[in-house]
Amino acid sequence: MIAISAIWIIVLLLGGGLALDRTLTNLVQNNFDTQLNNNLTALIASAEIQPGGEVWLTRPMGDQRFMEPNSGLYYQISPSGEPVDLNNIDVLPSRSLWDEALELRTSAKDEPVYYDSRQFRGEPLRIAQRDTTLPGRDTMWTFAVAQSRAEIDEQIDRIRRILVLSFVILGLGLMVLVLLQSYVGLRPLRRIRTAIQHIRTSGSNRVTDPLPLEVQPLVQELNMLLEHSERQAEEARTHAGNLAHALKTPLTVVNNAATAHATDLADTVIREARTMRRHVDHHLARARAVGRRAVGHAQTSVRDSAEAVRRAVERLYPDVRFDIDGSHEAKVAIERQDLDEILGNLIENAAKYGGGSVFVTIDAEPDDRRCVIWVEDDGMGIPEEKRVEIFDRGARLDTGKPGTGLGLAIVRDVAEIYGGSVDLAESEDLGGLLVRLSLPRS
């Protein structure tokens, strides 16, 4: 910020300084040329041709310097287009020229021209020159007034010194202002750094220090991030505690059976190992969902996931008829793997416990703010009083078929992690179970 501001200030001051220098220099020079033109006009007005053909002045020039040798102010009248010869009676120089003659350029008729000359060593001149005729004569005469540039050069140098000094002071002042602005403007960030350091050293979980309004959005986002991290850590602790609690009982049973040298030790180990496997799968599913949710907002096509699950389940239940209907464009804010796992559990359960028909309707309720997916079957359904406890881990109503009793629990937990929900009802079309899955739209 300081470097960019410094470069910008330098560019602006250089540009402004050069423009102001050019403007003031031209103004001083134009005033100087105006004075020369006034003297030139007075010279032409005072000139008159004598009967012998030579030129003379009817009245002397008003500035006394024209009479003082080498005074720095000169005039000269000579025939136009002819070399200047001081011995020629037609040439009328000022006394200030003494024994010198002005070296003139060709000029346009009745139009004054201004130019610089260095014919006098150590004395640069500014010359105003004009060719014109005098009343009653056809001869063209060249009138010239010259003045030393010492005065104008001194004025220009003085102006430039003032400009340089003023712009240097202005630039330094602006740089100091930029430094102060950067220091004061970034102070809230230093306060945020101190607040974060305080969080790390004191164990606090929020930035509560009063800070300017400009950084409040940053503080709010930081507090939300801390809250999110805290919630994830709490979820991880909860998962670890739940898993430890779930594994404690099977491990105790196995340990007691082994200690007592039970005759059915092998069957006990297999049974309890299955139980532990169910708990591990359940908590791993939740942990994966939480981890993928933290990565960012996903976009998954419901149709693509449902078709992929249908192809997989068809291999397990070739006699079941699957029908997928509804929106082809619906997308939900959930990772593809998690959506596959949710739909896989629901569609497989419908195929396993249904009567041979499974209907999936995508975006069944288009007016809902969330994407609603229906999974219906033509089985026996679930009694209304059992529709809540069926989501408990290990809960099963039909124990005659293989399963772990964790499918609906995983569906509920993963859906809730993403801000969705799942509930059960009776299918009006098929008469069996209707699973209503609601997931946030992407």
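**Two sheets, two cores and a helix with one buried face**

Let me begin with strand β6, which is mostly covered, since seven of its nine residues are buried. Please keep in mind throughout that what we are looking at is a predicted model.

Strand β6 belongs to an open sheet of five strands, ordered β4-β3-β7-β6-β5, in which the pairing is antiparallel. The edges of that sheet are β4, residues 92–93, and β5, residues 113–117, each of which pairs on one side only. As for the neighbours of β6, nine bridges join this strand, residues 125–133, to β7, residues 140–148, and the two run antiparallel, while five bridges join β5 to β6, again in an antiparallel arrangement. If you would like a residue by which to find the register, take Leu-125, which stands opposite Ser-148 in β7 and is also the bridge partner of Ser-117. Across this sheet lies helix α1, residues 2–46, which passes over β3, β5, β6 and β7 and runs at about 140 degrees to β7.

Let me now turn to the other sheet. Here, too, five strands form an open sheet, in the order β9-β11-β12-β14-β13, but the pairing is mixed. Strands β9 and β13, the latter covering residues 421–426, stand at the edges with a single partner strand each, so one side of each is left without a neighbour in the sheet. From one strand to the next, the twist averages 15 degrees. Within the sheet, β9 and β11 run parallel and are joined by six bridges, and to place that pair on the screen you can look for Arg-321, whose bridge partner in β11 is Ser-357.

Two helices lie across this mixed sheet. Helix α6 crosses β9, β11 and β12, running at about 175 degrees to β9, whereas α7 lies across β9, β11, β12 and β14, running at about 25 degrees to β12.

I would like to spend a moment on α6, residues 302–316, where a simple check on length is possible: at 1.5 Å a residue, its 15 residues should span 21 Å, and the end C-alpha atoms are 22 Å apart, which agrees. Which residues of α6 are buried? They are Val-302, Arg-303, Ser-305, Ala-306, Val-309, Arg-310 and Val-313. Seen down the axis of α6, these buried residues fall within an arc of 155 degrees, so they line one face of the helix. Their packing partners are β8, β9, β10, α7, β11 and β12.

That brings me to the interior. The largest nonpolar core has 38 residues, and among them Ile-347, Val-358 and Leu-437 touch the most other members. At least two residues of this core are supplied by each of α6, β9, α7, β11, β12, α8, β13 and β14, with the largest share, seven residues, coming from α7. Taking Val-358 as an example, and leaving aside residues up to four places away in sequence, we find that it touches Val-320, Arg-321, Phe-322, Asp-323, Ile-347, Ala-350, Ala-351, Val-375 and Glu-376. There is also a second, separate core of 23 residues, which includes Leu-36, Ala-47, Tyr-75 and Ile-152.

Technical notes. Residues are numbered from 1 along each chain as its sequence is written. This is a predicted model: local features need pLDDT of at least 70, side-chain atom pairs count only at pLDDT 80 or more; totals for chains, interfaces and linings use all residues. Side-chain values use heavy atoms; hydrogens and water are left out. Helices (H or I, at least four residues) and strands (E, at least two) are DSSP runs, numbered from the N terminus. The expected span of a helix is 1.5 Å times one less than its number of residues. Buried means under 20% relative accessible area, exposed over 50%, partly exposed in between (1.4 Å probe, protein chains only). The arc is that of the directions from the helix axis to the C-beta atoms. Contact means heavy atoms within 4.5 Å. Two strands pair if DSSP finds at least two bridges between them. Axes are lines fitted to C-alpha atoms, for helices over the stretch in contact, and angles run from 0 to 180 degrees between N-to-C directions. A nonpolar core is a set of buried Ala, Val, Leu, Ile, Met, Phe, Trp, Tyr and Cys residues joined through side-chain atoms within 4.5 Å.
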